[in-house]
Amino acid sequence: MNYEKTICSVCRNASCIIKRNVHLSQLSRYIDQKSTINCKKGQTFIIEGAPVQGLYFVNKGAVKVTKTGLNGKEQIVRLAKDGEIIGHRGFGAGQFYHIGATALENSSLCNFSLDSMNQMLLEIPKLTYDLMTFYAEELSRSETKVKKFAQMTVREKVIDALLYIFRKFGQKDDFFGIQLSRKDIADFAGTTDEQVIRILSSLKKEGLIQTSGKKIGTKNVNLLRKEISEHNYFIDS
DNA sequence: TCATTAACTGTCG
DNA sequence: CGACAGTTAATGA
């Protein structure tokens, strides 16, 4: 296990709000306070209901953010990759996380304590502004997601989930840049793994996607988009 | 190798 | 469309 702290100055995550502001001199002492956590695939590093332990950034890897329903069903709220923030709703008023987060791949995470974050945001307006922009985007995504869940059929929701994965992780050698279990896709789309399996195999029969074991890919994104085009929500969510 | 997990199929309410 | 039961394939201890 490698516990070495990742250094922001050599980090490649241009979308990270810390990295974007790393040139600000006030930031350096807070960066010195951060810690790096290495998570193995499948490891849960934010437990729903546990006390907030600050803010996490994905340095490298992939993470799912989840919320558990009353029946114990897991809902994947979003996926996060390099440069993205996790646990950002945990601070402010809330004392406890109301989401969970587990690594989908071996991942390294940067963690800033609550105190660190609060002082940073009070002291550096540019950082606060960037975070606010991020919140605004998140809220907008969340709103369109509500519409989706209300209006889309299961087939459309699964296609939408596939497009989300495609957008976020891209495709390499005809398959998506991340391998998710059918269960994870189901938890994201708000359905069951059996439904996902069935829809994936019919999509495969129709030639819209190809699968090989856990690997899924598409050769015709536009055809997939067309299926849910009436909903017009495929822009970004 | 055996045991556990994931993928898939069929059926029923 | 979801829930359940059951089979097969893949994975890993």
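Author: A polar contact is a pair of N or O atoms within 3.5 Å; within protein, one must be able to donate a hydrogen and the other to accept it, and residues adjacent in sequence count only if both atoms are side-chain atoms. This is a predicted model: local features need pLDDT of at least 70, side-chain atom pairs count only at pLDDT 80 or more, and totals for chains, interfaces and linings use all residues. Residues are numbered from 1 along each chain as its sequence is written, chains are lettered from A and ligands numbered from 1 in the order in which they are written, and side-chain values use heavy atoms, without hydrogens and water.

Reader: What makes T191 and DNA strand C a polar contact?

Author: A phosphate oxygen of the strand is 2.9 Å from an N or O atom in the side chain of T191. The limit is 3.5 Å, so the pair counts.

Reader: Which part of DNA strand C do E194 and Q195 reach?

Author: The bases. A polar side-chain atom of E194 lies 3.0 Å from a base nitrogen of DNA strand C. For Q195 the distance to a base nitrogen is 2.7 Å.

Reader: What residues are around DNA strand C?

Author: They are V154, T191, T192, E194, Q195 and R198. Near means that a heavy atom of the residue lies within 4 Å. Helix α7 gives the largest share of this surface, three residues. Of the strand's atoms within 4 Å of the protein, 62% belong to sugar or phosphate, and the rest to bases.

Reader: How many residues of each class are near DNA strand C?

Author: One is nonpolar, three are polar and two are charged. Ala, Val, Leu, Ile, Met, Phe, Trp, Tyr, Cys and Pro count as nonpolar, Asp, Glu, Lys and Arg as charged, and the others, Gly among them, as polar.

Reader: What surrounds DNA strand B?

Author: S181, R182, E194, I197, R198 and K214 do. One of these is nonpolar, one polar and four charged. Helix α7 (residues 193–205) again leads, with three residues. Sugar or phosphate makes up 50% of the strand's atoms within 4 Å of the protein, and bases the rest.

Reader: How do you know that R182 and R198 touch different parts of DNA strand B?

Author: Look at the partner atoms. R182 has a polar side-chain atom 2.3 Å from a phosphate oxygen. R198 has a side-chain N or O atom 2.4 Å from a base nitrogen.

Reader: What makes a stretch a helix, and how many are there in chain A?

Author: A helix is a DSSP run of H or I, at least four residues; a strand is a run of E, at least two; both are numbered from the N terminus. Chain A has eight helices and twelve strands.

Reader: Why are α5 and α7 called roughly perpendicular?

Author: α5 (residues 154–169) and α7 pack at about 75°, with axes 10 Å apart. Angles of 65 to 115 degrees count as roughly perpendicular, under 35 as roughly parallel, over 145 as roughly antiparallel and the rest as oblique. The pair is therefore roughly perpendicular. Axes are lines fitted to C-alpha atoms, for helices over the stretch in contact, and angles run from 0 to 180 degrees between N-to-C directions.

Reader: What forms that contact?

Author: V154, R155, V158, I159 and L162 of α5 meet Q195, V196, I199, L200, S202 and L203 of α7. Contact means heavy atoms within 4.5 Å. Eight of these residues are nonpolar, two polar and one charged.

Reader: Why does α6 get the label roughly perpendicular to α7?

Author: α6 (residues 182–189) packs on α7 at about 105°, with axes 8 Å apart. That makes the two roughly perpendicular, therefore the label. R182, K183, I185 and A186 of α6 meet D193, V196, I197 and L200 of α7.

Reader: At what angle do α5 and α6 pack?

Author: At about 110°, with axes 9 Å apart. That makes α5 roughly perpendicular to α6.
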